[in-house]
Amino acid sequence: MCVLAGGVLSLARPALAQTTATSTPVLTPAPISLDISGTSQADFTTQLTALQTTYRNQLTTYRDNEKTFQIDKDQYYKIQTLASLEEAVRATRQVMLTRADVLLTYLTISRLTLQNTKGIDTAVKTDALQQIDTLSSDLKDYRKTVDVSQDRTALLNTAIQFLTLNSRTTALSRRIYLLVGYGNLQTVDDKTFAIKQELQTQVEQTETDPLVLAQKKRGLDEIQRNLDQINPPLTKVRFALDPVNKNNSSVTGIDFNQNFTAIYGGLSRSLSYLQEIVKN
Amino acid sequence: MTDTTEELTNQTLFSNQEPLLQGGGSSSNPVEELTPEQIAAQKKKKKLFTLAGGFGIVLLILVIVLAALSPKRQLVKLQASPTPSPVTQANKTEMQARLDELNDDLTAADPSKLDLSIPPVDMNLTLDPIPRQN
């Protein structure tokens, strides 16, 4: 497991690294530190924007390399010459490297986003961040292996090595999506409850008209009812995302999207009611 | 006294005397003796009285209306809700700002807009097919 510490995430733009065997430049992420604790919202936005730009550039390069790879591969299987094999091997190596770059930047974006997402239990977040770090480290190792692979056998071995990385990346990507989605909704739920409580106190203290007071109290009760209805799906998702419960049979068939939709709908309704009460 | 009473109560006597009263009365009517100037003056007077009366009525209506309105104004003043204190207004503005912020958070929390999907790359890139493992 790779431990990355110290400083603030400093990936701003892709660095052009020279490969050892050929002179083909490969886009690789600049040296990064994933310790982003203590970053402000402005820092987070700046870093995220820079990373997204890098990601888009790398994806464009990857797509170009993928096209070249397909053409060279087809060419080799068609004409079966040593020269075409050399071209195909070079193109395969190149596209594998740029794919690793894209995935590494994607993981960095995911890490930054997860780190800055509130509403997630610290232990759960730490566990997910460690998984990202481990996968990033393994992807870097894989990239190094690809970088030194010069023949088809070596590249085949890297392709086999990537099989496990593929399944791990897919699973972790899904987990990050669920954690960030849950964290965002939980944060809004917490804020909605806090504002509702504050508004309730304010209304009770300042509202002089008994009819209006009664009307506003009914509205606030309705908001509370809404928030109470959001609680079960939120609890269900939280339980399912806790790594402690990953082998629990009750969490295997959970429909996260359905629960997210229910929570989001309830929160949206509560906010709408709050705005109505404040305006009146 | 008796004759007078009989004249007032006896309808037959009254009926008989009626043509006589009509005939005799016409020559002694003082109105017929009025000159055209006097008639014109009387008409003027009537007009003046009518105008004055009309004006008086309008004035009366005005007074009534004003009298009716003035207590209402006082009533409105009494019933008006107290002007919200600056503190309440400030609270409302602050609350509105917080709700706006919450609205932004909610928009950002829309799970359908969460862009963390796995990159659209080919995860099975290989030049040679990977041998099946037993």
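A residue counts as exposed if 12 or fewer other C-beta atoms lie within 10 Å of its own, and as buried if 20 or more do. Keep that cut-off handy for the exercises below, and keep in mind that this is a predicted model.

**Exercise 1. Work out whether A:Gln80 is buried or exposed, and say what its backbone does.**

Step 1: Find the residue. A:Gln80 sits in the loop between α1 and α2 of chain A.

Step 2: Count neighbours. A:Gln80 has 9 other C-beta atoms within 10 Å, so it is exposed.

Step 3: Check the backbone. The phi of A:Gln80 is near 50°, which is positive although the residue is not glycine. For background, most residues other than glycine have a negative phi.

Step 4: Put it in context. A:Gln80 follows α1(A).

**Exercise 2. Decide whether A:Asn226 is buried or exposed, then find what it touches.**

Step 1: Place it. A:Asn226 belongs to helix α5 of chain A.

Step 2: Apply the cut-off. With 20 other C-beta atoms within 10 Å, A:Asn226 is buried.

Step 3: List the contacts. Leaving out residues up to four places away in sequence, A:Asn226 touches A:Gly266, A:Arg269 and A:Ser270.

Step 4: Compare sequence with space. A:Asn226 and A:Tyr273 are 47 residues apart along the chain, yet their C-alpha atoms are 10.0 Å apart.

**Exercise 3. Check the lengths of α1(A) and α3(A) against what 1.5 Å a residue predicts.**

Step 1: Take α1(A). Its 39 residues should span 57 Å at 1.5 Å a residue, and the end C-alpha atoms are 56 Å apart, so the two agree.

Step 2: Take α3(A). This helix has 27 residues and reaches 39 Å from first C-alpha to last, close to the expected 39 Å.

Step 3: See which residues of α1(A) are buried. Among them are A:Leu51, A:Tyr55, A:Gln58, A:Tyr62, A:Asn65, A:Phe69 and A:Tyr76.

Step 4: Do likewise for α3(A). Its buried residues include A:Ala128, A:Ile132, A:Leu135, A:Leu139, A:Tyr142 and A:Val146. Not every buried position is nonpolar-looking on paper: A:Arg143 and A:Asp147 are buried in α3(A) too. What covers the buried residues of this helix includes α2 and α4 of chain A.

Step 5: Recall the helix geometry. An α-helix has 3.6 residues a turn, so residues three or four places apart point the same way.

**Exercise 4. Locate the largest nonpolar core and say what builds it.**

Step 1: Start with the members. This core has 58 residues, and the ones that touch the most other members are A:Ala100, A:Leu179, A:Leu185 and A:Leu267.

Step 2: Name the contributors. At least two residues each come from α1, α2, α3, α4, α5 and α6 of chain A and from α4 (86-108) of chain B.

Step 3: Pick the top giver. α2(A) supplies the most, with 15 residues.

Step 4: Place the core between domains. Domain 1 (15-150) and domain 2 (183-279) of chain A both give residues, so the core lies between them.

Step 5: Zoom in on one member. Beyond four places in sequence, A:Leu185 touches A:Phe260, A:Ile263, A:Tyr264, A:Leu267 and, across the chains, B:Ala109.

**Exercise 5. Compare how the two chains are put together, and describe their contact.**

Step 1: Count the elements. Chain A has six helices and two strands, running β-β-α-α-α-α-α-α from the N terminus. Chain B has four helices and zero strands.

Step 2: Look at burial. In chain A, 36% of the 280 residues count as buried; in chain B, it's 4% of 134.

Step 3: Size up the interface. The contact involves 48 residues of chain A and 29 of chain B. Chain B's side divides into 17 nonpolar, six polar and six charged residues.

**Exercise 6. Find where the predictor's confidence is low.**

Step 1: Begin with the averages. Mean pLDDT is 86 for chain A and 74 for chain B. The whole model scores ipTM 0.77 and pTM 0.68.

Step 2: Flag the weak stretches. Residues 1-36 of chain A have pLDDT below 50, yet make 80 contacts beyond near neighbours in sequence. Residues 23-28 of chain B stay under 50, with zero contacts beyond four places in sequence.

Step 3: Rank chain B's elements. Helix α2 (residues 11-27) has the lowest mean pLDDT, 53, while α4(B) has the highest, 84.

Conventions: Residues numbered from 1 in each chain as written. Chains lettered and ligands numbered in written order. Predicted model: local features only at pLDDT ≥ 70, side-chain atom pairs only at ≥ 80, totals over all residues. Core = buried A, V, L, I, M, F, W, Y, C linked by C-beta atoms within 7 Å. Domains from an automatic or database assignment. Contact = placed C-beta atoms within 7 Å. Nonpolar A, V, L, I, M, F, W, Y, C, P; charged D, E, K, R; others polar. pLDDT = per-residue confidence, 0-100. Expected span 1.5 Å × (residues − 1).
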